Amino acid sequence: MNTNNHICVNGVPSLGWIEMSMDAVVYQGPHDVDVEEVDEPEIEHPNDVVIDITTTAICGSDLHMYEGRTDADPGIVFGHENMGVVEEVGDGVTTLEEGDRIVLPFNVACGVCKNCENGYTGFCLNVNPGFAGGAYGYVAMGPYKGGQAEKLRVPFADFNALKLPEGTEHEDSFILLADIFPTGWHGTELANLQPGESVAIFGAGPVGLMAAYSAKIKGAAEIYVVDRVDSRLELAEKHCDATPINFEESDPVEQIKNIHGGGVDKGVDAVGYQAVDPDTDVGDDAYDPARENPAVVLNQLIQVVRATGQLGVPGLYVPSDPGAPDEMAAQGRLGIDFGKFFEKGLKVGTGQCNVKEYNRELRDLIIQGRADPSFVVSHRVELEEAPEMYERFDNREEGVTKVLLEP
């Protein structure tokens with residue numbers, strides 16, 4: 001934290017004005033973030049709190065902005081996965097006090113609109129008019145600055161904050177309650193996964209791994225995880241009891257059907273619109289946007305899930321994509337095999353996670369030792385290392401799975 005004092009001749013602060021600044025990860029343009037000084041947050045409404053960030057995380061969704069694949073303008077402070085300790089409390093806050101350790105859903109929600117009252121906090125009607133829901137530090141998701149910084153303002157704090165035990169225990173697991181653990185769980189909920197069923201999960205990034213881990217906790221009989229990065233597939237096999245499927249070795253649909261003996265009961269798309277098409281030239285191991293096919297995973301799931309099965313789609317799809325491989329995809333329109341989807345009588349659930357629907361129970365699973373999602377964390381580094389880690393994560397570098405930042 002940096003403090004700039006404006007003082008008079010006698011060394012007394014002028015009008016008591018002290019301009020406070022802090023370090024934060026700021027978007028400069030495509031493939032360019034930097035740690036720079038920004039104004040510290042302040043209480044803007046009686047329902048706010050300000051927290052000292054203890055841990056924040058880089059999310060795969062951040063890469064969409066980082067790569068210039070959204071309409072994000074330079075100057076955005078990134079970071080929608082945040083936890084910390086309450087430093088300042090607004091006059092209207094009744095359930096939090098200074099020193100409380102809290103983790104925040106990436107959703108910013110009011111708690112009183114129709115959607116919030118019905119549990120759809122990812123689609124709050126009040127925090128970001130004209131768009132479905134709000135979030136910290138994300139383009140088009142409202143005016144809320146991100147938490148890849150030393151401090152963060154939390155609006156509607158009584159509703160949004162989830163209290164944690166004092167101390168530092170489970171820090172690497174609790175930060176995952178902000179997004180990826182609930183979102184992975186959400187993917188299995190969207191698919192209506194039941195104990196004893198089989199499931200194919202496409203994507204072994206952080207959300208895909210959390211979906212596979214959630215499937216294990218829920219008692220899935222068989223779990224298949226599809227990816228191309230060996231270190232990710234190894235995590236899925238070791239921690240989620242999953243059968244790893246490398247889509248660059250052969251058709252993943254045929255691999256799963258051959259092992260399983262037919263179509264699986266349920267499927268989860270934890271990839272989204274930047275899916276890599278296995279039929280394109282492999283080239284080298286580096287991620288290549290030219291290999292993208294935004295509809296490929298959805299169509300593979302339509303093929304691999306049995307008739308009358310169900311798909312869950314927590315993977316991100318966007319209404320516009322400036323870097324799309326074709327004009328149709330740039331408008332958020334995809335070539336989906338809907339005829340086959342209809343023929344098989346499939347069902348699908350989509351949409352971003354309503355984190356508050358799950359985070360309290362998942363927190364308690366962690367506290368009681370029945371869940372430890374921290375296996376997905378590959379790096380914990382200081383905030384100053386964020387630019388390097390963004391580059392490495394964006395390159396899908398082997399061994400870079402989930403990066404935590406410690407301001």
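**Close-up views of a predicted model**

**Figure 1. A nonpolar patch on the surface is formed by I336, F338 and F342.** The area of this patch is about 350 Å². The structure shown here, and in every view below, is a predicted model. F342 belongs to helix α11, which spans residues 338-343. With a relative accessible area of 66%, F342 is exposed. A residue must have over 30% relative accessible area to be part of a patch, and F342 has 66%.

**Figure 2. C110 and C124 are two cysteines outside any disulfide.** The structure as a whole contains 0 disulfides. For C110, the nearest cysteine sulfur is that of C124, 3.5 Å away. For C124, in turn, the nearest cysteine sulfur is that of C110, at 3.5 Å. A disulfide would need the two sulfur atoms within 2.5 Å. C110 is buried, at 7% relative accessibility. C124 is buried as well, with a relative accessible area of 1%.

**Figure 3. T401 is a buried loop residue.** The loop holding T401 runs between α13 (386-394) and β18 (403-406). T401 counts as buried because its relative accessibility is 4%, and the cut-off for buried is under 20%. Once residues up to four places away in sequence are set aside, the contacts of T401 are P206, L209, L235, V376, S378 and F393.

**Figure 4. Strand β5 pairs with β4 and with β6.** Strands β4 (residues 49-58) and β5 (residues 82-89) are antiparallel and share 7 bridges. Within this pairing, I53 has G84 of β5 as its bridge partner. Strand β6 (residues 101-104) is also antiparallel to β5, and 4 bridges join the two. Here V85 stands opposite R101 of β6. In a regular strand, side chains point alternately to the two faces of the sheet.

**Figure 5. N192 and T308 have positive phi values without being glycine.** Phi of N192 is near 55°. N192 sits in the loop between α5 (180-190) and β11 (198-202), and its relative accessibility of 38% makes it partly exposed. For T308, phi is about 70°. T308 is part of strand β15 (residues 305-313). T308 is exposed, at a relative accessible area of 54%.

**Figure 6. E117 is an exposed residue of helix α2.** Helix α2 covers residues 114-117. The relative accessible area of E117 is 59%. Apart from neighbours within four places in sequence, E117 contacts G111 and V112. The C-alpha atom of E117 is separated by 40 Å from that of D277, a residue 160 positions apart from E117 along the chain.

**Figure 7. R69 and D321 form a buried salt bridge.** This pair is one of the 24 salt bridges found in the whole structure. The N to O distance between the two side chains is 2.8 Å. R69 is in the loop between α1 (60-66) and β5, while D321 is in the loop between β15 and α10 (327-330), so the salt bridge ties together parts 252 residues apart in sequence. R69 is buried at 6% relative accessibility. D321 is buried with a relative accessible area of 2%.

**Figure 8. Helix α4 takes part in salt bridges through E171 and D172.** The side chains of E171 and R101 meet with an N to O distance of 2.8 Å. E171 belongs to helix α4 (residues 171-174) and R101 to strand β6, so the pair ties together parts that are 70 residues apart in sequence. E171 and R101 are both buried. D172 forms a salt bridge with R380, with the closest N and O atoms 2.7 Å apart. R380 lies in strand β17 (residues 379-382) and D172 in helix α4, so this salt bridge ties together parts that are 208 residues apart in sequence. R380 is partly exposed, at 31% relative accessibility. D172 is partly exposed too, with a relative accessible area of 25%.

**Figure 9. A network of salt bridges links E44, D48 and R153.** The network joins the side chains of the acidic residues E44 and D48 and of the basic residue R153.

How values were computed. Residues numbered from 1 in each chain as written. Predicted model: local features only at pLDDT ≥ 70, side-chain atom pairs only at ≥ 80, totals over all residues. Heavy atoms only, no water. Patch = residues over 30% accessible without salt bridge, like charges linked within 9 Å, V, L, I, M, F, W, Y side chains within 5 Å. Areas by Shrake-Rupley, 256 points an atom, 1.4 Å probe, with all protein chains shown as cover. Salt bridge = Lys/Arg side-chain N within 4 Å of Asp/Glu carboxyl O. Buried < 20%, exposed > 50% of the residue type's maximum accessible area, 1.4 Å probe, protein only. Contact = heavy atoms within 4.5 Å. Pairing = 2+ DSSP bridges.
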